[in-house]
There are 2 protein chains.
Amino acid sequence: MTTTLRERRKQQTSREIRLAAIELCFEEGFENVTTEAISARSGVSQRTFFNYFPNKEAAIIARPPPFPDDVVADFVNGSGTFLEDLEALVIAHLGQLEEDREIIRTLRNLIEMHPVLRAAHDASMRLLLAELSGFFARRSPDTDPVVMEMLASAVVMAIGGIIRSIDQDETPFAARVDEVFVRLRTMVDVVSQPPVAMG
Amino acid sequence: MTTTLRERRKQQTSREIRLAAIELCFEEGFENVTTEAISARSGVSQRTFFNYFPNKEAAIIARPPPFPDDVVADFVNGSGTFLEDLEALVIAHLGQLEEDREIIRTLRNLIEMHPVLRAAHDASMRLLLAELSGFFARRSPDTDPVVMEMLASAVVMAIGGIIRSIDQDETPFAARVDEVFVRLRTMVDVVSQPPVAMG
DNA sequence: TGTCATGTTTGCACCGTAGGCAAGTTCTGC
DNA sequence: GCAGAACTTGCCTACGGTGCAAACATGACA
């Protein structure tokens, strides 16, 4: 039994701290929120706050959950084309984001406005990028790893494009995978543009 | 006359602070360097340090100089293919990095090791990315801007690939532009992989 | 149920980062 | 040389973040 009372409590406390942090940011603006205030609202001591999170940002920007192992395995050992197999991977990721849809909506502006949050968010995007390009490299170990990073960063950007349009499009994220692939193909077209101008 | 004594002094002070910061990091490790020590070594008060830089990281990670206007104009109004015109832009950028070659070598490890520096560096990369994708969008205003971000991020990654191999390859950066384009084409190949497996 | 080991929270003390303010110093234009 | 702008500095305050040891809660087991 791994889900002991202790662990559940910890989960709970962690969630309470995060919630308090986000609410306070929303009410007072990120700059004006202190770790002391967050601790107070979530009913723990400031010292405990720092047992859970290394800093204020970390309480607000959660790192995205890792990709499920089976989905990764399917991609890495996939027998279709790169894009075909990539689709399931991206859908899995978008699906997980769906749960956080409301939080994403709330945090988007906060992130836009505060360099510190932006940095924390960047760091979490960088992890995603590394994870993805790792999968790519495992799938085709002979391809230049830098190329895999390039491709992964393009995919991450494409996903970002979908997320950023959350306010203009209510469609569930996963139903919008196509946009990623349309964009990848458009990108290819730009790069492969024939030597003679097309008017 | 814009290059007044005052401005030169400011430049000078700024450079002295940066130098002191980098030297100290090299001698004592980033974590063990305080803004107080940096200020002391560069002969200013701690208060003045904060007049110049918002924080320790900013003194260490300089943002790359902007692209020269004429190079940008040539790219934006260029009449060749996308890749052909892109070349001059990338060469200009690599050329500017050449001047910092030694600093880059010194700072690389520091950045790898310290999340705070990494974050500062990411932020400066993000500016580069935004600048580049802005140029791309101005050149072809009808193309989906998200695609331009994807492409720009791939190019930035490719440039990063060159910089990261600074220790394995002494060739001047600008002489290695080709690697960027080879990699862009490889990336296109991966994405455009024909539907039937190629063994 | 009692008790012991382990894990978690807390208070406290301490250092470093960062900014506001006002007084002092240096530079610029006239 | 002088008035005013720009810059530097010291002082004061607040927040961020960590180490430590005491207090407390929990799980295991008799």
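Hi everyone. Let me start right at the DNA: helix H3 of chain A gives four residues to the surface near DNA strand C, the most of any contributor. Before I go on, please keep in mind that this is a predicted model.

So who else is at strand C? There are 20 residues around this strand, and those that come nearest are A:Thr48, B:Thr4, B:Arg6, B:Arg9 and B:Arg47. Of the atoms of DNA strand C that come within 4 Å of the protein, 65% belong to sugar and phosphate.

Let me point out a few of the contacts. In chain A, the side chain of A:Thr48 has an N or O atom 2.5 Å from a phosphate oxygen of strand C. A:Tyr52 also has a polar side-chain atom by a phosphate oxygen of strand C, at 3.0 Å. Chain B takes part as well: an N or O atom in the side chain of B:Thr35 is 2.9 Å from a phosphate oxygen of that strand.

Which elements give two or more residues to this surface? They are helix H1 (5–28) and helix H3 (46–52) of chain A, together with helix H1 (5–28) and helix H3 (46–52) of chain B. If you sort the residues near strand C by class, you get six nonpolar, seven polar and seven charged.

Now let's turn to the other strand. DNA strand D has 20 residues around it, and here A:Thr4, A:Arg6, A:Arg9, A:Arg47 and B:Thr48 come nearest. Sugar and phosphate make up 59% of the strand D atoms that come within 4 Å of the protein.

On this strand I'd like you to look at a base. A polar side-chain atom of A:Arg47 lies 2.6 Å from a base oxygen of strand D. Over in chain B, B:Ser45 uses its backbone: a polar backbone atom there is 3.0 Å from a phosphate oxygen of strand D. B:Tyr52 uses its side chain, with an N or O atom 2.9 Å from a phosphate oxygen of strand D.

Which helix gives the largest share of the surface near strand D? That is H3 of chain B, with four residues. H1 and H3 of chain A, and H1 and H3 of chain B, each supply at least two residues here. The class count for strand D is six nonpolar, seven polar and seven charged.

Let's step away from the DNA and look at some rings. Over all chains, the structure holds twelve aromatic pairs. Take A:Phe49 and A:Phe50: their ring centres are 5.2 Å apart and their planes meet at 85°, so this pair is edge-to-face. Are these two buried or exposed? A:Phe49 is buried, at a relative accessible area of 0%, while A:Phe50 counts as partly exposed, at 36%. Ring pairs also bring in A:Phe53, which forms a cluster with A:Phe49 and A:Phe50.

In chain B, the rings of B:Phe67 and B:Phe135 make another edge-to-face pair, because their planes are at 85°, with centres 5.5 Å apart. This pair links distant parts of the chain, 68 residues apart: B:Phe67 sits in the loop between helix H4 (56–60) and helix H5 (69–76), and B:Phe135 in helix H8 (residues 115–139). B:Phe67 is buried, at 7% relative accessible area, and B:Phe135 is buried too, at 8%.

Charges sit over rings as well. A:Lys56 lies over the face of A:Phe30, 4.3 Å from the ring centre. In chain B, the charged end of B:Arg101 is over the ring of B:Phe173, 4.5 Å from its centre.

One more residue for you to find: B:Leu129, in helix H8 of chain B. B:Leu129 is buried, with 15% relative accessible area. Apart from its neighbours within four places in sequence, B:Leu129 is in contact with B:Glu149, B:Ala152, B:Ser153 and B:Val156, and also with A:Met157 from the other chain. B:Ser153 is 24 residues along from B:Leu129, and their C-alpha atoms are 6.1 Å apart.

Let me finish by zooming out to chain A. It has ten helices and zero strands. Its C-alpha atoms fill a box of roughly 65 × 50 × 30 Å along the principal axes. Of its 199 residues, 44% count as buried. Among contacts in chain A with a separation of 6 or more, 64% come from residues 24 or more positions apart.

Thanks for listening!

Key:
Residues are numbered from 1 along each chain as its sequence is written. Chains are lettered from A and ligands numbered from 1 in the order in which they are written. This is a predicted model: local features need pLDDT of at least 70, side-chain atom pairs count only at pLDDT 80 or more; totals for chains, interfaces and linings use all residues. Side-chain values use heavy atoms; hydrogens and water are left out. A residue is near a molecule or strand if one of its heavy atoms lies within 4 Å of it. A polar contact is a pair of N or O atoms within 3.5 Å; within protein, one must be able to donate a hydrogen and the other to accept it, and residues adjacent in sequence count only if both atoms are side-chain atoms. Ala, Val, Leu, Ile, Met, Phe, Trp, Tyr, Cys and Pro count as nonpolar, Asp, Glu, Lys and Arg as charged, and the others, Gly among them, as polar. Rings of Phe, Tyr and Trp (its six-membered ring) pair if their centres lie within 6.5 Å; planes under 30 degrees apart count as stacked, over 60 as edge-to-face and the rest as tilted. Buried means under 20% relative accessible area, exposed over 50%, partly exposed in between (1.4 Å probe, protein chains only). A charge sits over a ring if NZ of Lys or CZ of Arg is within 6 Å of the ring centre and within 35 degrees of the ring normal. Contact means heavy atoms within 4.5 Å.
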